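I opened this entry to look up two things, a side chain and a pocket, and I note below what I found for each.

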Amino acid sequence: MQYRPDIQGLRALAVLLVFIFHLNPSWLSGGFIGVDVFFVISGFLVSSIILDKKEKGTFRFLDFYFGRVKRIMPVFLVLLTFVGLLGACVYVWVDILNLRTTMMRAGMFVSNNYFAHLDTYFGASNQENPLLHTWTLSIEMQFYLLLPLFLLFIRKKYLLPISVMLIIGLLSYSFYSSLFLNQQSEMYFSLLARIPEFLIGVVFAIRGETLQKLIGKHQNTVAWMALGAIVACGILFSEQTLFPGLWVLIPCVSTGLLLLTTTSQVNALFSTKGMVHIGELSYSIYLWHWALMAFVRYYNMDAELGAFQMIGIAVLTYVLSWLSYTYVEKRFRSYANPVFFPRFIALGFLFLLAGAGIYRVNQYLFPIPKEYAMPTFGMDSHDDTFVHAGPYGEEAKAQPDSICLIGDSHALAYKGVLDEIGKEYNFSFWSVTNDRYPLIPNIAPSDFDKEEERQQYEALIKEFEVVKKKSKIIFIASAWLKEITSLETAFTSLVESLDPDQRLVILGDYPKLDRNPIRATRDFIYTENSREIQRLNSPEPQFVLDAIKNNPDQVLYLDFNFNKVSTLPYFNDTLGYYDEGHLNAFGSRKIGDLMEHDFMTFAKKHDLID
């Protein structure tokens with residue numbers, strides 16, 4: 001296919017949309033459509049090349065796949081190696097293992113499947129993941145595996161109708177799954193949901209000449225309308241837009257029209273020197289910009305970037321992109337096979353070395369024991385690591401006490417507290433806990449971000465129901481997240497479902513912190529930087545307070561006096577939290593030691609424990 005500078009300019013538009021969106025989504029809330037523009041361009045160009053070679057009888061599968069490797073892999077391996085080395089120096093213990101896993105998944109081009117099912121409740125958020133953007137490369141490489149088979153083994157006269165049917169069917173599938181099955185995250189990262197975007201490019205390649213004749217002398221009008229539609233989508237779409245799905249047709253069809261209006265004013269604009277230059281660097285810009293932003297956000301523990309940070313990221317992105325394009329992308333594409341292979345193998349070895357070594361390097365730089373950096377106690381009765389419901393506390397009893405502890409990850413922290421007190425005062429308890437969604441029956445399906453989270457919740461609710469039947473005292477601890485809108489109704493139903501001889505005890509939440517103490521100090525021992533960490537009160541929601549007030553005999557409230565611990569989040573200079581919202585195992589034990597008298601006084605006053 002003849003080189004077209006205007007397509008490089010279109011790539012520039014796509015990467016600028018994405019770059020601005022990633023800098024600050026409020027500036028261009030739909031800038032993520034730049035990815036869809038890239039997908040359409042890829043479908044158009046690659047299918048045009050394959051079909052042309054098919055006609056000439058010169059297409060070879062091995063040559064095609066090897067060409068994709070030469071185009072995509074070398075600079076990608078450089079990025080992955082860079083992320084691994086920098087991550088070892090920036091990340092903390094609990095996140096470095098996730099980073100290594102992400103590196104390996106990205107290197108195998110399956111990171112889209114990994115991110116679709118990734119639970120980021122603990123650890124670094126998506127905004128801080130330097131390889132989150134690699135899902136697009138995974139989808140692209142997966143599609144490249146399928147496209148030659150599709151174009152070569154289906155007769156030419158059937159290509160268009162089958163492509164159109166696939167576009168309609170898969171768009172309907174992604175729309176239905178997002179809207180009715182609560183699988184929007186899965187669809188966003190799904191190959192099946194994204195295939196229509198590539199196929200739209202394929203359709204424009206198959207019927208390019210026919211469509212160009214229909215456009216005729218109206219190229220300027222069509223091109224400006226198409227550009228306007230893409231810009232409008234960038235402005236009007238947002239992360240709340242049901243995407244991908246039917247809405248994806250607007251930016252994708254508009255991109256296809258721009259690929260056909262070869263002599264329009266818009267295409268002349270895209271062919272200018274500056275746009276072509278940015279387009280040539282677009283792949284490298286896409287790779288580098290997000291990694292840099294994510295590392296800055298992670299280190300500063302702030303999703304918002306300051307003005308100087310934005311300028312620095314923009315400059316560094318350009319410099320790294322120019323260097324990687326000039327000395328990696330262009331050179332590796334130009335190498336003959338005997339020269340390419342040893343250099344490519346060397347890059348692969350460096351990537352594997354970085355992946356294998358980042359944990360050891362990180363542990364050397366920040367030697368923080370596991371029990372201080374992540375939840376470790378009570379995991380056998382928690383979330384997807386559930387094995388059994390206990391018992392905890394005094395485990396030597398032949399018949400465990402009729403006590404249970406339920407809730408979310410804050411209840412997980414309280415397991416250590418009650419376990420410490422139980423061993424001292426000879427009582428035991430059962431426990432079932434969950435991440436994010438407290439194990440209170442009847443939380444609405446619409447409140448779950450992912451279907452597997454709902455399924456996990458439903459499975460644990462069954463375990464709780466078993467424990468509830470043999471428990472006279474039910475302790476509950478939760479962060480009471482406001483985003484779970486049905487939580488009030490579910491909690492009210494729990495109170496109403498109590499048997500006359502059962503009592504519910506709400507454990508007052510421990511203080512939260514204004515930042516992750518391990519990430520702020522890179523240590524678990526008190527340092528000068530620790531002074532900057534502030535504690536925040538965590539009051540219970542009004543519906544919980546109302547239940548206590550309206551049911552004083554059956555719903556009780558135990559509010560520990562955390563003012564006794566003036567040094568929180570530290571106990572004798574040792575950190576008692578693994579992030580800003582959760583006690584670690586050491587902190588839970590210490591709270592148990594300090595609060596055991598208050599707990600037992602409360603328990604005896606209300607005849608909870610013999």
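**Pocket and side-chain notes**

I began with the second largest pocket, and I noted that about 1,000 Å³ of space lies in it. I keep in mind that this is a predicted model.

I then asked which residues lie nearest the centre of the second largest pocket. I found Arg11, Leu45, Val46, Arg68 and Arg71 there, out of the 36 residues that line this pocket. Going through the elements, I listed α1 (5-23), α2 (33-56), α3 (61-90), α6 (135-153), α14 (273-280), α15 (282-300) and α16 (307-334) as those giving two or more residues to the lining. I looked up the largest share as well, and the nine residues that make it up come from α2. When I sorted the lining of the second largest pocket by residue type, I counted 18 nonpolar, seven polar and eleven charged residues.

I turned next to Asn267, which I located in helix α13 (residues 265-270). Is Asn267 buried or exposed? I entered it as buried, because its relative accessibility is 1% and the cut-off for buried is under 20%.

For the partners of the Asn267 side chain, I recorded a polar contact of 2.8 Å with the side chain of Asp6, and another, of 3.0 Å, with the side chain of Thr261. Leaving aside residues up to four places away in sequence, I listed Arg4, Asp6, Ala223, Leu258, Thr261 and Thr262 as the residues that Asn267 touches. Asp6 and Thr261 therefore appear in my notes both as touching residues and as polar partners of Asn267 through their side chains, within the 3.5 Å cut-off for such a contact.

Terms used. Residues numbered from 1 in each chain as written. Predicted model: local features only at pLDDT ≥ 70, side-chain atom pairs only at ≥ 80, totals over all residues. Heavy atoms only, no water. Helix = DSSP H or I, 4+ residues; strand = E, 2+ residues; numbered from the N terminus. Buried < 20%, exposed > 50% of the residue type's maximum accessible area, 1.4 Å probe, protein only. Polar contact = N/O pair within 3.5 Å; in protein donor to acceptor, adjacent residues only side chain to side chain. Contact = heavy atoms within 4.5 Å. 1 Å grid on protein atoms, 1.4 Å probe; cavity = no way out; pocket = protein on both sides within 12 Å on 5 of 7 lines; lining within 4 Å. Points joined across faces, edges and corners; volume = space filled by probe spheres on them. Nonpolar A, V, L, I, M, F, W, Y, C, P; charged D, E, K, R; others polar.
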